[in-house]
Amino acid sequence: MLRNSATSWGSVARSLHWTMAVLITGQVALGMYAHDLALSPRKLDWLMWHKSIGICLLLLAVLRLLWALGNTTPQTAVESPRWQRRLARTSHIALYGLLLGIPLSGWLMNSAKNIPFELFRTIPWPQLINANEALGELLETVHAYGVWLLMILVGVHSTAALWHHFVRHDATLTNMLRGP
């Protein structure tokens, strides 16, 4: 089943979810590791990978958002209170905003700092804005805080999935793990 149903996530939604989860986990570790290295060819190499994967994540986030807009959202078997549904919706909107905003802020930061970039050392990537060192520093801060906020929201998201599974005993987690 490629598309979502009223009760289950389709294989495309599940594949995008877990691919992005793995890539984001690697991105956070890679970004923190590269950030702490002294300026060297090794650091630049790690940053090239971080930026390239970040652009891939941006493209995947756009694809995932378009897929989500064109598909139904499965409902859990157990009815949730209105405040929980609103909180879940708000957190998902925030997650999508961060999945788009973090790589975009990184791309803008790279542009503002006037750092040439080629995606995986093969495709010249455009600068979005003109060089502006002060703006580059601000965007670096926005990028870092975005990552921290994303990690917090992913923790809340994961905790909620486990709560659905172990406390509510509904199919929310199992549907995302293996489908119907």
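**Ala 144.** I started with the accessibility of Ala 144: at 36% relative accessibility it counts as partly exposed, because the partly exposed class runs between 20% and 50%. This is a predicted model, so I keep in mind that every value here is computed from it. Ala 144 sits in helix α4. I also looked up a C-alpha separation for Ala 144: its partner Ile 102 is 42 residues away along the chain, and the two C-alpha atoms are 8.3 Å apart.

**Helix α4 by itself.** Next I checked the length of α4. With 36 residues at 1.5 Å each, α4 should span 52 Å, and its end C-alpha atoms lie 50 Å apart, which agrees. Then I listed what is buried along α4: Gly 136, Leu 139, His 143, Gly 146, Val 147, Leu 150, Leu 153, Ala 161, His 164 and Arg 168. What covers these buried residues? I found that the cover includes α1 (11-36), α2 (41-69), α3 and α5 (172-178).

**α3 against α4.** I then turned to the pair α3 (residues 82-112) and α4 (residues 133-168). Their axes come within 8 Å and cross at roughly 150°. An angle over 145 degrees counts as roughly antiparallel, and α3 and α4 are therefore roughly antiparallel to each other. The crossing of α3 past α4 is left-handed. I sorted the residues of this contact by class and got 17 nonpolar, 9 polar and 3 charged.

**Two positive phi values.** Which residues did I note for a positive phi without being glycine? One is Phe 120, with a phi of about 50°; another is His 169, with a phi of about 60°. Phe 120 belongs to the loop between β1 (118-119) and β2 (123-124), while His 169 is in the loop between α4 and α5. Are they buried or exposed? Phe 120 has a relative accessible area of 31% and is partly exposed; His 169, at 62%, is exposed.

**The whole chain.** Last, I zoomed out. I counted 5 helices and 2 strands, and along the sequence they follow the pattern α-α-α-β-β-α-α. Taken along the principal axes, the C-alpha atoms fill a box of roughly 55 × 30 × 25 Å. The protein has 180 residues, and 36% of them count as buried. I also looked at contacts between residues at least 6 apart in sequence: 68% of these join residues at least 24 apart.

Key. Residues are numbered from 1 along each chain as its sequence is written. This is a predicted model: local features need pLDDT of at least 70, side-chain atom pairs count only at pLDDT 80 or more; totals for chains, interfaces and linings use all residues. Side-chain values use heavy atoms; hydrogens and water are left out. Axes are lines fitted to C-alpha atoms, for helices over the stretch in contact, and angles run from 0 to 180 degrees between N-to-C directions. Helices (H or I, at least four residues) and strands (E, at least two) are DSSP runs, numbered from the N terminus. Angles under 35 degrees count as roughly parallel, over 145 as roughly antiparallel, 65 to 115 as roughly perpendicular and the rest as oblique. A crossing is left-handed if the near helix is turned anticlockwise from the far one by less than a right angle, and right-handed if clockwise. Ala, Val, Leu, Ile, Met, Phe, Trp, Tyr, Cys and Pro count as nonpolar, Asp, Glu, Lys and Arg as charged, and the others, Gly among them, as polar. The expected span of a helix is 1.5 Å times one less than its number of residues. Buried means under 20% relative accessible area, exposed over 50%, partly exposed in between (1.4 Å probe, protein chains only). Contact means heavy atoms within 4.5 Å.
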